[in-house]
Amino acid sequence: MKTISVIMVSYNTGPVLFRSIEAVLLQQNLKELLIVDNGNSREVRARLKELTEADPRITLITGQGNVGFAMGCNLGAAKATGDYLLLLNPDCVVPGLALSKVLRALEAHPEAWLAGCRILNPDGSEQAGSRRNLLTPSVAFVENFRLYRLLPGDKGKESYFKRMNFHDEEKVEEPTFVPAISGAFMMIDRQRYYDLGGLDEEYFFHVEDLDFCYQVNEKGGKILFVPDVAPVHYRATSQVSDFFVEFYKARGFTRYFHKRFKGKYFPGFLELMSVAIYCRFLVRALLISVQSFWQRKRYRQKQRSEILRQQWLNTPVKESTLLLTGLVKRDGMEPVLLVGASGQVGLSILRRLLNAKNKVLAVYHDTVMDFEHPNLTWIYGDVEGRNFDLRGLNPRTLIYTPSIWTLPPHLKKLSKQGVKRLVCFSSTSIMGKATSGNAYEREMVEKFSEAEREVGEICKELGIEWTIIRPTMIYGIGLDKNVSSILRFMRRFYGLFPLVPPAKGLRQPVHVDDLARAVHLLLDMPKTYGKCYNLGGAEKLTYRELVERIAKIANIKPIFLPLARLPQAMDAISRIFRRPDLNGEIAKRMNRDLVFDSQEATLDFGYTPRPFMSNGEADLGLKPHDH
């Protein structure tokens, strides 16, 4: 059997590095994983060292400093012993059987020297550059100055891109030859890699993959694109500045054009291209400087969200609460497949499952968690585009927290893989927005209603016992879009908050941990099968009282601005910014009651929610929970 050495060059990659490593170690035909440490943190290096000690297939190459991607790949290749090499980005998560499928495709096409596959963005779309034509100076010149805009009509522009540059939109079902592939995933015979001299080490970061593809074409080899293998590439996970990235892009493109096209254009053209490339870099650098404030702000918000997730997962559940919910290890219902594990509801359910020592398959999408547990297996899944790669595991229980209308397409396959019990989340918007004057909101109500009906029908056909939870306004760890949004608005505008007087509509905010506790209470109760439950909090507050409570906890003096015309203003904003979700009905509901009876949940499984903000600042994400 042919074997593969995977080479992964890492520089402050972030938590996705460990998801990528996990996925590689599950592959067939894998002989070894060589991780080239180009400058990770001390903590990451320590974790990598632990992995090498635990798994003899892993080799850590460290001590050379940040030598760049190309030299890092060559360092790994020099120590590799497999028949084939796979150059894999450390922020690229491969699906099951990815390596063996590409290897088989290569062996079925002996004229192919190099193979790649369909690289996906986290949202499921194909990444630009996944397969492409070789870049030439003339194409780069036209693109750099956007001269394609002078072509007549949209068809002319589209024809240009298909002819001269990217052709990612073409649908390909079978392996096919292409001029170039992405350096995020490149497989090649090890000896052939040596014969070609490896990657050009004069490239530090970017463009070395294009240069390598050019060399393969120049030497008479072919490049194979395998469309049914689709790893997910989490770009920009390394903690490096945009300035750094843009500089090495400019430097890389300049080297590529002078190396590969010298003497093929009229005198001075390549020098003009170099000037154009560095002019573009200077413009980009200026824009980066201007945008740096907002980028820092977004980065701080992202960091804060990551910290809140980590703190919540690491907060133990009180033993008394575990016993009260009956949250004990259930062998007959394991493993539990938890979809949407990085959202606030999913996090809370995951926390309780792991505290009770249940085995969990946690599905993540665009948010990668830096959290490990012996009973936890992370799985990438795109609920709107791709099926989950369950790696041969067979879950018995499915807990589904994303939008319920994304669930029905997955039920039949999950049923075949062993799912017999389902708990999923809908919304009380089905009742609260049923009479909305906004077309977008009425469509959402219809989507919720239709999805609930469809879930019930499919589960009945498949023999899956289902329960649907409809929560009210969720809060609790600072990751919500309601209570946290109110807090952010008041902080940004020094306590000022607009209201449609008198703002007496009742609200019943529910703590996210009460929802998680409810899931565990009803999980194996037959009385709850085939039912929908409305779950709200213990208190009913007017909208004004809700805002006042938030302000008091956050030590903000609220300044209410009564605006009777606020609904009309929000409708105007919605039209201008094309945000149908941000409309005047939101303001009108400040004077409508949005409370729902949870008595059936109390009778059926003992649902007892807590009062609003009973944990003070911790419920706003302003400090860690103490239990």
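**Notebook: two helix pairs and a cavity**

I began with helix 16, where V483, I486, L487 and M490 meet Y543, L546, V547, I550 and A551 in helix 18; contact means heavy atoms within 4.5 Å. By class, I found nine nonpolar, no polar and no charged residues in this contact. Here Ala, Val, Leu, Ile, Met, Phe, Trp, Tyr, Cys and Pro count as nonpolar, Asp, Glu, Lys and Arg as charged, and the others, Gly among them, as polar.

A note on my source: this is a predicted model, where local features need pLDDT of at least 70, side-chain atom pairs count only at pLDDT 80 or more, and totals for chains, interfaces and linings use all residues. Residues are numbered from 1 along each chain as its sequence is written, and side-chain values use heavy atoms, with hydrogens and water left out.

Next I looked up the angle: helix 16 (residues 483-492) and helix 18 (residues 543-553) pack at about 65°, with axes 10 Å apart. The two are therefore roughly perpendicular (65 to 115 degrees).

Then I turned to helix 13 (residues 408-416) and helix 15 (residues 439-462), whose axes come within 10 Å and cross at roughly 15°. They are therefore roughly parallel (under 35 degrees). P408, L411, K412 and S415 in helix 13 meet E454, V455, I458, C459, E461 and L462 in helix 15. I sorted these residues into six nonpolar, one polar and three charged.

Last, I checked for empty space. The largest cavity (on a 1 Å grid, points where a 1.4 Å probe fits but cannot get out) holds about 50 Å³. Its lining residues (an atom within 4 Å of a point) include W312, I477 and H625.

Note on methods. Axes are lines fitted to C-alpha atoms, for helices over the stretch in contact, and angles run from 0 to 180 degrees between N-to-C directions. Helices (H or I, at least four residues) and strands (E, at least two) are DSSP runs, numbered from the N terminus. Angles under 35 degrees count as roughly parallel, over 145 as roughly antiparallel, 65 to 115 as roughly perpendicular and the rest as oblique. On a 1 Å grid over the protein atoms alone, a cavity is a set of points where a 1.4 Å probe fits but cannot get out, and a pocket is an open set with protein on both sides within 12 Å along at least five of seven lines; lining residues have an atom within 4 Å of a point. Grid points are joined across faces, edges and corners, and a volume is the space filled by probe spheres set on the points.
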